[in-house]
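Visitor: I should be grateful for a guided reading of this structure, taken one question at a time.

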Number of protein chains: 2
Amino acid sequence: MTVFLTKELEALKKMILSEGARVEEAIARAIRAFLERDFEQAEAVIQADSVIDRMEIEVEEECINILALYQPVANDLRFVVAVLKINNDLERMGDIAANIAKRAARIAARARMDMDFDFAKMAAKAQSMVRRSIDALVNRDVALARQVCADDDELDAMRHDLHDRAPHRMEQTPEQADVLLQYLAVARHLERLGDMATNVAEDVIYMVEGEIIRHQTGLGGDRGD
Amino acid sequence: MTVFLTKELEALKKMILSEGARVEEAIARAIRAFLERDFEQAEAVIQADSVIDRMEIEVEEECINILALYQPVANDLRFVVAVLKINNDLERMGDIAANIAKRAARIAARARMDMDFDFAKMAAKAQSMVRRSIDALVNRDVALARQVCADDDELDAMRHDLHDRAPHRMEQTPEQADVLLQYLAVARHLERLGDMATNVAEDVIYMVEGEIIRHQTGLGGDRGD
């Protein structure tokens, strides 16, 4: 029985890793579409979201199968519960990547706007947080998970920087207000990706240490705003 | 054994209902603080979020206990898995209510801005969606869950209405751009509450019918943007 359970858990790890890789790719492509005003690429990201949606359902069914057939306990049980939650997060990260692509599609025909803001860097940071949070999960790596939590402040700061400059910019060039709103939306989406990677990392720490850090103040910044 | 499991599941239902009631209350108070420019009330909502955070942890521990001790199968197993996911959503709804309260606190000293927009109505709709999604869960009520999904379009439309008018408003009164950005943020938060209630409702339908509707297009609008 234990051998079978071990095999199933290994298969589950592979599934969640490959779902994570898909999400990372979607983020990267959505940001490229946004930066390069590439309508076709934006559309492709929106279409590809259904693949992530399908993967989420498969992972959830695999978790339910494992719980029903092998009745795991202790660490194995906590791992499956963590995967259930993280799976949910990954699917939403896929939605966010699609949302970035929708913004990209909307402004594809518009001229670029110089905001002196490095979206590519912010996106790379978000992607890296997503990747490391999943790696932390499958390797039960608390140190890596803590790194992810710490990185979230950086992403928050980047978004706040752009956000703080927005009102002044709107006063200066009110005719560009609608494009600027799309820029703010994309920065907010990237920040939310960081928040969700932080959720994943916190779940990993909680799983491994049984430590309730999720709601301690000062870790991972304020989520979702 | 079954009697004990039934009792535990009843207790779990009560816990998730009371967590949901807390979230509803937080939304209502946050919007009141925002509309009435009430700094103290906003602060109170932010402080009270830790209660919801604690409830989330208790619900998760109860789920893990039930899985470990009673090894539920079939419907009972799917119910516990649904609660695990919905519990996560409720905690985030609590975060969103706190985020609305933060916006309220930030503009508490500012004059009201007439936007001809009914925030109270939008908030009441979001609250009602949250309540009905939880009721649908504990009563396994698919019809109610479908109602919630249908309502989401209304919330999306309200947010889009405000959002569409924003660029023009910014051109007209650029000196109010920062307050307007807070208004847009609050409408977006309310829309996200509706999205999350829709997630919950979709989980209920999936649980009851084993039907994969989560990723069908045209149900529940486009989430998260």
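The questions below concern the pairing of the chains, selected helices and single residues in a predicted model.

Visitor: How many residues of chain B are in contact with chain A?
Guide: Contact here requires C-beta atoms within 7 Å. By that criterion 33 residues of chain A are involved, and the number of residues they meet in chain B is 33.

Visitor: Which helix gives the largest share of the side of chain A that touches chain B?
Guide: The elements of chain A that give two or more residues to this side are H2 (39–70), H3 (74–106), H5 (142–172) and H6 (177–209). The largest share amounts to 11 residues, and it comes from H3(A).

Visitor: How many residues of the side of chain A that touches chain B are nonpolar?
Guide: The residues of this side fall into three classes, with 6 polar and 11 charged. The remaining class, the nonpolar residues, numbers 16.

Visitor: As by what kind of axis are the two copies related?
Guide: Chain A is superposed on chain B by a rotation of 180° with 0.0 Å of shift along the axis, at an RMSD of 0.0 Å. The two copies are thus related as by a two-fold rotation axis.

Visitor: What percentage of the interface residues of chain A are also interface residues in chain B?
Guide: The copies meet through the same surface. This follows because the share of interface residues of chain A that are also interface residues in chain B is 100%.

Visitor: Against which elements do the buried residues of H2(A) pack?
Guide: H2(A) has 32 residues and reaches 47 Å between its end C-alpha atoms, close to the expected 46 Å. Its buried residues include Val45(A), Ile46(A) and Ile52(A), and also Asp49(A), Glu56(A) and Glu60(A). Their packing partners lie in both chains: H1 (2–35) and H3 of chain A, together with H2 (39–70) and H3 (74–106) of chain B.

Visitor: At which residue does H5(B) bend?
Guide: The 31 residues of H5(B) should span 45 Å at 1.5 Å a residue, and the end C-alpha atoms are 47 Å apart, which agrees. The helix nevertheless bends by about 35°, and Pro167(B) follows within four residues of the bend. The residue at the bend is one of the buried residues of H5(B): Ala166(B).

Visitor: Against which helices do the buried residues of H5(B) pack?
Guide: The buried residues of H5(B) include Val148(B), Leu155(B) and Leu162(B), as well as Asp151(B), Asp152(B) and Arg159(B). Their partners are H5 and H6 of chain A, together with H4 (119–139) and H6 (177–209) of chain B.

Visitor: Is Ala74(A), with its positive phi, buried or exposed?
Guide: Ala74(A) lies in helix H3 of chain A and has a phi near 45°, a positive value in a residue other than glycine. A residue counts as exposed if 12 or fewer other C-beta atoms lie within 10 Å. Because Ala74(A) has 9 such neighbours, it counts as exposed.

Visitor: What is the phi of Arg140(B)?
Guide: Arg140(B) is found in the loop between H4 and H5 of chain B. With 16 C-beta neighbours inside 10 Å, Arg140(B) counts as partly exposed. Its phi is positive although the residue is not glycine, with a value near 50°.

Visitor: Which residues does Asp135(B) contact beyond its neighbours within four places in sequence?
Guide: Asp135(B) lies in helix H4 of chain B and counts as partly exposed, with 16 C-beta neighbours inside 10 Å. Leaving aside its sequence neighbours within four places, its contacts are Asp141(B) and Leu144(B).

Visitor: Which residues does Ala97(B) contact beyond its neighbours within four places in sequence?
Guide: Ala97(B) is among the residues that touch the most other members of the largest nonpolar core, which has 136 residues. Beyond its close sequence neighbours, its contacts are Val23(B), Ala26(B), Ile27(B), Ala30(B) and Val45(B).

Visitor: How many of the 33 residues of H6(A) are buried?
Guide: One residue of this helix, Asn199(A), is buried, with 26 other C-beta atoms within 10 Å. H6(A) is largely enclosed by the rest of the structure, because the number of its 33 residues that are buried is 27.

How values were computed. Residues are numbered from 1 along each chain as its sequence is written. Chains are lettered from A and ligands numbered from 1 in the order in which they are written. This is a predicted model: local features need pLDDT of at least 70, side-chain atom pairs count only at pLDDT 80 or more; totals for chains, interfaces and linings use all residues. Two residues are in contact if their C-beta atoms, placed from the backbone, lie within 7 Å. Ala, Val, Leu, Ile, Met, Phe, Trp, Tyr, Cys and Pro count as nonpolar, Asp, Glu, Lys and Arg as charged, and the others, Gly among them, as polar. Copies are superposed by least squares on the C-alpha atoms of residues with pLDDT of at least 70 in both. The expected span of a helix is 1.5 Å times one less than its number of residues. A residue is buried if 20 or more other C-beta atoms lie within 10 Å of its own, exposed if 12 or fewer, and partly exposed in between; C-beta atoms are placed from the backbone. The bend at a residue is the angle between axes fitted to the seven residues ending there and the seven starting there. A nonpolar core is a set of buried Ala, Val, Leu, Ile, Met, Phe, Trp, Tyr and Cys residues joined through C-beta atoms within 7 Å.
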